[in-house]
Amino acid sequence: MSVFIAGTGAVCAAGNGVDTGCDALRSGCDYLKTYFHPDWPTVAAPLCATVECDLDVLTGREGLFRTLALARVAVDEAMQAFPAREGLRCAVVAATTVGGISQTERAYKNFRLDHNYLPSLAVESAVHEPAVLAAELCRKIKGCGFHTVSTACSSSLHAIGMAKRLIEKGYYDACLVIGADALCITTVRGFGSLTLLDPVGCRPFDRDRAGISLGEAAGAMLLAAPQVKKRFPEPMLAIVNGWGASSDCYHMTAPHPQGNGARAAIEAALAEAALAPGAIDGIVAHGTGTPDNDRAEIAALKTVFPHLPPFCSMKRTLGHTLAASGILEAVFAVQMIREGFIPPTTGFSAVDEQIGAAPSPGRAVTLRHVLKNAFGFGGNNAAIILSSTETAS
Amino acid sequence: MKRYLAVKKHHCVSPARDPSWSDAVPPAMKRRDARIWRMAYAAAAGVVADDGTCQPRAVIAGTALGALEETRLFLDGVFTDGLGSPRNFIASVHNSIAGKLALEFKIGGPNLTICDSHNSFASALIAADLLNDVDFPVLLCIVDERLPLLDDLQPYFTRRCRSFCIDQWEEAAVAFLITNAPSAGDAAMRAFGPVLTERHDPESICRKLTEANVPGFTGEFHFNGSSTSFVQPAITAVNVLKQGNGPAVIGSFSPTSGAAAIVEIMQTT
């Protein structure tokens, strides 16, 4: 069954809205700057992609934690495509890694200084559970159910894949898929402890790449079953055609050197889409900029694709937005299909002879089928295939 | 449409009830790895055969809070000297549990972690229903741990969540080996929800599920129990399966997300 994408939404370092983010990617913009956490002025990360649009109403008056505030911005944009939902069973499938942990961090720090803070810790850490994000969004859109996925950086591609199958199996008529993660001390310090942060900003697939640049963002997609698409006033944007998932079984943080797990996920996505590798016109790679990830991803792609399609990484412009990264970049991949372009891979300048592949320069190109990859801690791999609505059977 | 998934094996690890729970855990893992990883491993080892028969092809973890103790230890490091341990950070990620199970038991298929609070068991079971036939058998592991800090917080949680009391924080790891094709006589499970509901009584949950027009839900279930901890729905399921006294319906309610779900257990004929 073809599951349609009826609406999309995004908020990221480039700004608020899908069009804004898309323009930034086309132009190869770079938003990385030294990150200072408002509650932790002495804790600095080398460079991060921070959302600077105004969230004060959401985090202040409405009292939302930052990840939820980001999600709400993206959801509001995606749900513009869904004005009449009477009688439609719509669920929320949410992906997050940090959820409301920034609240816990602040409260736990206060508790460590003064144990009389215990009652406040109970209240403030009540949003620690990842499920709170999905539940609040479900409440907001008056949805009829929700599901929460947390598989680190691959989370939101799995969320898209699960939503596709929830619709195919008749659980729901439509699903609002959301991936959101805000920057917080745990991730900034955590990736720092792993020495995975590139001090000059990430350089995906580049010979001198040295790590990631963290970011924060939210991406949203409204998926609809074919039988209800006529209920939507605007034409469908694209199709979710296939989802593949796999595990490396190799190492808790390092990818399999030959990309065996990544290859399995990509092949599973192709199989579900009933597409041969040669049908793929473009690839939005995970492309984090770590030496190991980029090497393993290209190895996997070369195994699957005898002739490597043009590929790109969006991580320098958007930052690595963890659980949001998969869906955020998939939202922009939908725009690539609709507008016919591949963005430049900002941060790339020199070919790494060890991997022997260079991302595509920014250019106009016809895209019917696009592969999007995302890989996470624990050897977790996800791939989806997005297709033009003209390919719908 | 929801399908019943057959339960081939199940195993529950409850440290409070079984002091020897960690006997199945390899010494190296005992020395190095997060306690919640060890709990999950011990539960999974009880359902994954040593001889490779019925080898899982996918793993799905259901957890409300993940490796919370590792998160606490990591933050302690950051707050003490500005540094956190990379080991604690790696383990603190919610999907580290499923990743560890895949690594230890060589499960190369889909690897999902579902975090829906008290409803994680039901939601993880639904996730299993979404997998392709080739991805079965599936190792389903429901796990959450207990921290002394959670015990300290308990009275305040209870006060805040007006209509719901968490009797006590319980920790356990519960593993199920499930297939997609029940044989005659197999116990089988399916789940509904989570749906938003401000109340946790069976009637309210049924009404909300009916209002949500959940396919296959009749609204006529008889409840065997409702959850008082994150892992209790899965523990209750194991007890029902052990006693063979199904059919049964196990309800769960999350005060933090304000949502409820149910798992239905029946015997195939």
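**Two interfaces in one predicted model**

Hi everyone! Let's begin where the two chains meet: 62 residues of chain A and 67 residues of chain B take part in the contact. Please keep in mind that this is a predicted model.

So how much area is buried between chain A and chain B? About 5,300 Å², and carbon and sulfur atoms give 67% of that area. If you are new to this, the size of an interface is often given as the accessible area lost when the parts come together.

Next, the polar side of this meeting place. There are two salt bridges between chain A and chain B. One of them joins K169(A) to D129(B), and its closest N and O atoms are 3.9 Å apart. You may like to find that pair on the structure above. Between chain A and chain B there are also 20 residue pairs in polar contact, counting pairs with both residues at pLDDT 80 or more.

Which parts of chain A supply at least two residues each to the side that touches chain B? Among the helices we have α4 (101-113), α5 (118-124), α6 (131-141), α7 (155-168) and α8 (185-193) of chain A. Two strands of chain A join them, β6 (146-149) and β10 (238-247). The most comes from α8(A), which gives seven residues to this side. Sorted by class, the side of chain A that touches chain B holds 32 nonpolar, 20 polar and 10 charged residues.

Now let's stay inside chain B. Its domain assignment gives domain 1, spanning 5-179, and domain 2, spanning 187-267. Taken over C-alpha atoms, the centres of these two domains of chain B are 20 Å apart. Domain 1 of chain B brings 33 residues to the contact, and domain 2 of chain B brings 34.

Here the buried area between domain 1 and domain 2 of chain B is about 2,900 Å², with 71% from carbon and sulfur atoms. And how many salt bridges are found across this domain interface of chain B? Zero! What we do have between domain 1 and domain 2 of chain B is six residue pairs in polar contact, with both residues at pLDDT 80 or more.

On the domain 1 side of chain B, the elements that each supply at least two residues are β1 (5-13), α6 (120-129), β4 (138-144) and β5 (172-179). By class, the residues on that side of domain 1 of chain B are 20 nonpolar, seven polar and six charged.

That's my tour. Thanks for listening!

How values were computed: Residues are numbered from 1 along each chain as its sequence is written. Chains are lettered from A and ligands numbered from 1 in the order in which they are written. This is a predicted model: local features need pLDDT of at least 70, side-chain atom pairs count only at pLDDT 80 or more; totals for chains, interfaces and linings use all residues. Side-chain values use heavy atoms; hydrogens and water are left out. Contact means heavy atoms within 4.5 Å. Buried area is the accessible area (1.4 Å probe) that two parts lose on being put together, summed over both. A salt bridge is a side-chain nitrogen of Lys or Arg within 4 Å of a carboxyl oxygen of Asp or Glu. A polar contact is a pair of N or O atoms within 3.5 Å; within protein, one must be able to donate a hydrogen and the other to accept it, and residues adjacent in sequence count only if both atoms are side-chain atoms. Helices (H or I, at least four residues) and strands (E, at least two) are DSSP runs, numbered from the N terminus. Ala, Val, Leu, Ile, Met, Phe, Trp, Tyr, Cys and Pro count as nonpolar, Asp, Glu, Lys and Arg as charged, and the others, Gly among them, as polar. Domain bounds come from an automatic or database domain assignment.
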